[in-house]
Amino acid sequence: MGADEGMIFPVSPPRMASFWMRNTVIPLDIIYVGTDGRVLNIHANAEPYSERPLLSDGQVKGVLELNGGRAAQLGIAAGDRVAW
């Protein structure tokens, strides 16, 4: 995945969410986007192949995946607004 690429997973209806890294070969930043369009929490540099659940801190309307470490490089933090 390129530095300025990612994947967005819309969640409808909004709900608690969890992701895992099974079959994922690179570390990812998992960014949970709350119902208000703001970042709830980030699991940075999620471990490849891990089956450990990475939980949201509340109900989400979307989940954004970026290359591991990219959220920190871009200064993305909890409370930031996300639009797609």
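**Backbone, sheet and side-chain contacts**

In the model, Tyr49 is exposed, its relative accessible area being 52%; because the exposed class begins over 50%, Tyr49 falls within it. The structure described here is a predicted model. Tyr49 belongs to the loop between strand 4 and strand 5, and its phi is near 70 degrees, a positive value in a residue other than glycine. A positive phi in a non-glycine residue also occurs at Asn45, where the angle is near 50 degrees. Asn45 is part of strand 4 and, with a relative accessible area of 44%, is partly exposed; this value lies between the 20% that bounds the buried class and the 50% above which a residue counts as exposed, so the intermediate class applies. A further backbone feature is found at the peptide bond from Ser12 to Pro13, which is cis, with omega near 0 degrees. Pro13 is located in strand 1.

Strands 1 and 4, which carry Pro13 and Asn45 respectively, take part in an open sheet of 4 strands. The strand order is 1-6-3-4, and the pairing is antiparallel. The edges of the sheet are formed by strand 1 (6-15) and strand 4 (39-46); each has a single partner strand, so that one side of each is left without a neighbour in the sheet. From one strand to the next, the twist averages 15 degrees.

Within this sheet, strand 3 (residues 28-34) pairs with strand 4 in the antiparallel sense, over 5 bridges. The register of the pair is shown by two positions: Ile30 stands opposite His43 in strand 4, and Ile31 stands opposite Ile42 in strand 4. In a regular strand, side chains alternate between the two faces of the sheet. Strand 3 and strand 4 together form a hairpin in which 4 residues separate the strands. Gly37, located in the turn, has a positive phi of about 80 degrees.

Aromatic contacts were examined next. The count comes to 2 aromatic pairs. Phe9 and Phe19 form an edge-to-face pair, with 5.4 Å from centre to centre and 65 degrees between the planes; since planes over 60 degrees apart define this class, the angle places the pair in it. The pair links distant parts of the chain, Phe9 being in strand 1 and Phe19 in strand 2 (residues 18-19), 10 residues apart. The rings of Phe19 and Tyr32 have their centres 6.3 Å apart and their planes at 80 degrees, so this pair is likewise edge-to-face. Here too distant parts of the chain are linked: Phe19 lies in strand 2 and Tyr32 in strand 3, 13 residues apart. Phe9, Phe19 and Tyr32 thus form one aromatic cluster. Phe19 and Tyr32 are both buried, whereas Phe9, with a relative accessible area of 32%, is partly exposed. Elsewhere, Lys61 lies over the face of Trp84, at 5.5 Å from the ring centre.

A search of the whole structure finds 2 salt bridges. In one of them, the side chains of Asp4 and Arg70 meet at 2.6 Å, N to O. Asp4 lies in the segment before strand 1 and Arg70 in helix 1 (residues 70-74), so the contact ties together parts that are 66 residues apart in sequence. Asp4 counts as exposed, at 69% relative accessibility, whereas Arg70 is buried, with a relative accessible area of 15%. The side chains of Arg22 and Glu51 also meet in a salt bridge, at 3.2 Å, N to O. This pair links the loop between strand 2 and strand 3, where Arg22 is found, to the loop between strand 4 and strand 5 (54-55), which holds Glu51; the two residues are 29 residues apart. Arg22 is partly exposed at 37% relative accessibility, and Glu51 is partly exposed at 48%.

The segment before strand 1 also contains Met1, which counts as partly exposed at 40% relative accessibility. Beyond residues up to four places away in sequence, Met1 touches Gly6, Met7, Leu28, Glu65, Leu66 and Asn67. The C-alpha atoms of Met1 and Ala78 are separated by 23 Å, with the two residues 77 residues apart along the chain.

Notes. Residues are numbered from 1 along each chain as its sequence is written. Side-chain values use heavy atoms; hydrogens and water are left out. Two strands pair if DSSP finds at least two bridges between them. Axes are lines fitted to C-alpha atoms, for helices over the stretch in contact, and angles run from 0 to 180 degrees between N-to-C directions. Rings of Phe, Tyr and Trp (its six-membered ring) pair if their centres lie within 6.5 Å; planes under 30 degrees apart count as stacked, over 60 as edge-to-face and the rest as tilted. Buried means under 20% relative accessible area, exposed over 50%, partly exposed in between (1.4 Å probe, protein chains only). A charge sits over a ring if NZ of Lys or CZ of Arg is within 6 Å of the ring centre and within 35 degrees of the ring normal. A salt bridge is a side-chain nitrogen of Lys or Arg within 4 Å of a carboxyl oxygen of Asp or Glu. Contact means heavy atoms within 4.5 Å.
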